[in-house]
Amino acid sequence: MTANTPARTPVTLLGLGAMGTALARTWLAAGHPLTVWNRTPARAEAPAAEGAKAAESTASAVAASTLVVVCLLDDDSVGAALDGVDLTGKDLVNLTTTTPAQARARAAWAEERGARYLDGGIMAVPPMIGVPEAGGYVFYSGSRELFEQHRQTLAVPAGTAYVGEDAGFAALHDVALLSAMYGMFAGAAQAFALIRGEDIDPVAFAPLLSGWITAMTGPHVLGTAARLKSGDYTTDVVSNLAMQVAGTPTFLATAEGQGVSPELIGPYFGLMRRRLDAGSGEEDLAGVVDLLRR
């Protein structure tokens, strides 16, 4: 670092699993002084060889930097790792996967101990970290001041998206998007299962499936959001609920004929039927969201 090079913010990183190790490498490559800790000390050897300082305890690791990033297994691991550690004046960024309720409770816990708190939901896998073109990013929620102060440092591993001062919002955005992802994976599994026993090449079929999901998902997601916000479920409906429910026996009969379980699509069809039976036949599918609310 030369006299004209701006100083990089020191970072302490607790947790060196696959994701933590990827984070460590990107901060080191960007010139940030890095202190690391892991419950299994051997995992600190690789970052240490690249210039990180390996701490013997979480207390010494936390003491080394104002900005403390945690990337551990779960919320219990966070509590255990930081039990009894002085957090006064620290900026605690928790990238551990948790529920919204756990994030809110951890925020209150940190603030009681004199720390500012920011929760994060990582929308990336380790190979995407430090690769801007890969499109990975992290949701952040909690202290806006902490986020703004450390925005550039936090943006080194992946893009940043601040979603509000409610500490639980990052985890909620994270799980909501991942839930949608698994729903799409379920639909793809159903489609592949239907053709599995036939003389249809799944590799040749895949572009058709991918293109169809892409074409349908965008308009559906944007349209559903607009209807949920306005409360108008019936204006400009192209395929109403009554018509779609009338078509579901064909899907179920085809699954039976192909020897495929309906357990992935059956529950969604059941919700559609419930909404129809409640007198909502002229709606589109946005009303199904309301049935899921307890």
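The structure holds 1 cavity of 30 Å³ or more. Here a cavity is a set of points, on a 1 Å grid over the protein atoms alone, where a 1.4 Å probe fits but cannot get out, whereas a pocket is an open set with protein on both sides within 12 Å along at least five of seven lines; lining residues have an atom within 4 Å of a point. The model is a predicted one, in which local features need pLDDT of at least 70 and side-chain atom pairs count only at pLDDT 80 or more, while totals for chains, interfaces and linings use all residues. Residues are numbered from 1 along each chain as its sequence is written, and side-chain values use heavy atoms, with hydrogens and water left out.

Rolling a probe the size of a water molecule over the atoms shows where empty space is left. In the largest cavity that space comes to about 40 Å³, a volume being the space filled by probe spheres set on grid points that are joined across faces, edges and corners. The lining of the largest cavity is made by Leu 23, Trp 27, Leu 95, Val 138, Tyr 140, Leu 154, Pro 157 and Ala 158. At least two lining residues come from each of helix H1 (18-29) and strand S7 (137-142); helices (H or I, at least four residues) and strands (E, at least two) are DSSP runs, numbered from the N terminus. By type, the lining of the largest cavity has 8 nonpolar residues, no polar and no charged, where Ala, Val, Leu, Ile, Met, Phe, Trp, Tyr, Cys and Pro count as nonpolar, Asp, Glu, Lys and Arg as charged, and the others, Gly among them, as polar.

The second largest pocket has a volume of about 600 Å³. It is lined by 26 residues, and those closest to its centre are Gly 15, Gly 17, Cys 71, Leu 72 and Leu 73. H1 contributes at least two residues to this lining, as do helix H4 (75-82), strand S6 (116-123) and helix H7 (169-195). The lining of the second largest pocket is mixed in type, with 13 nonpolar, 10 polar and 3 charged residues.

Stepping back to the whole chain, its secondary structure comes to 11 helices and 8 strands. The radius of gyration is 24 Å, well over the 19 Å that the globule rule gives for 294 residues, so the chain is more spread out than a compact globule. This radius is taken over C-alpha atoms, and the globule rule is 2.2 Å times the number of residues to the power 0.38. The C-alpha trace spans about 70 × 45 × 40 Å along its principal axes. Of the 294 residues, 39% are buried, with buried meaning under 20% relative accessible area, exposed over 50%, and partly exposed in between (1.4 Å probe, protein chains only). Among contacts (heavy atoms within 4.5 Å) between residues at least 6 apart in sequence, 59% join residues at least 24 apart.

Some individual residues help to fill in the picture. Thr 153 lies in helix H6 (residues 144-154) and counts as buried at 6% relative accessibility. Leaving aside neighbours within four places in sequence, Thr 153 is in contact with Thr 9, Val 11, Trp 27, His 32 and Leu 67. One of these partners, Trp 27, also belongs to the lining of the largest cavity.

Helix H10 (residues 266-277) is the place of Arg 275, a buried residue with a relative accessible area of 14%. Beyond four places in sequence, the contacts of Arg 275 are Tyr 233, Leu 241, Ser 280, Glu 283, Gly 287, Asp 290 and Leu 291. Leu 276 lies in H10 too, and its contacts, counted with neighbours within four places left aside, are Leu 241, Ala 242, Val 245 and Gly 281. The C-alpha atoms of Leu 276 and Ala 105 are separated by 40 Å, with their positions 171 residues apart along the chain.

The loop between helix H8 (202-230) and helix H9 (241-257) contains Asp 236, which counts as exposed at 69% relative accessibility. Most residues other than glycine have a negative phi. Asp 236, however, has a positive phi of about 55 degrees although it is not a glycine. In the loop between H8 and H9 one also finds Thr 234, partly exposed at 44% relative accessibility. Thr 234 touches Arg 227, Glu 282 and Glu 283, leaving aside neighbours within four places in sequence.
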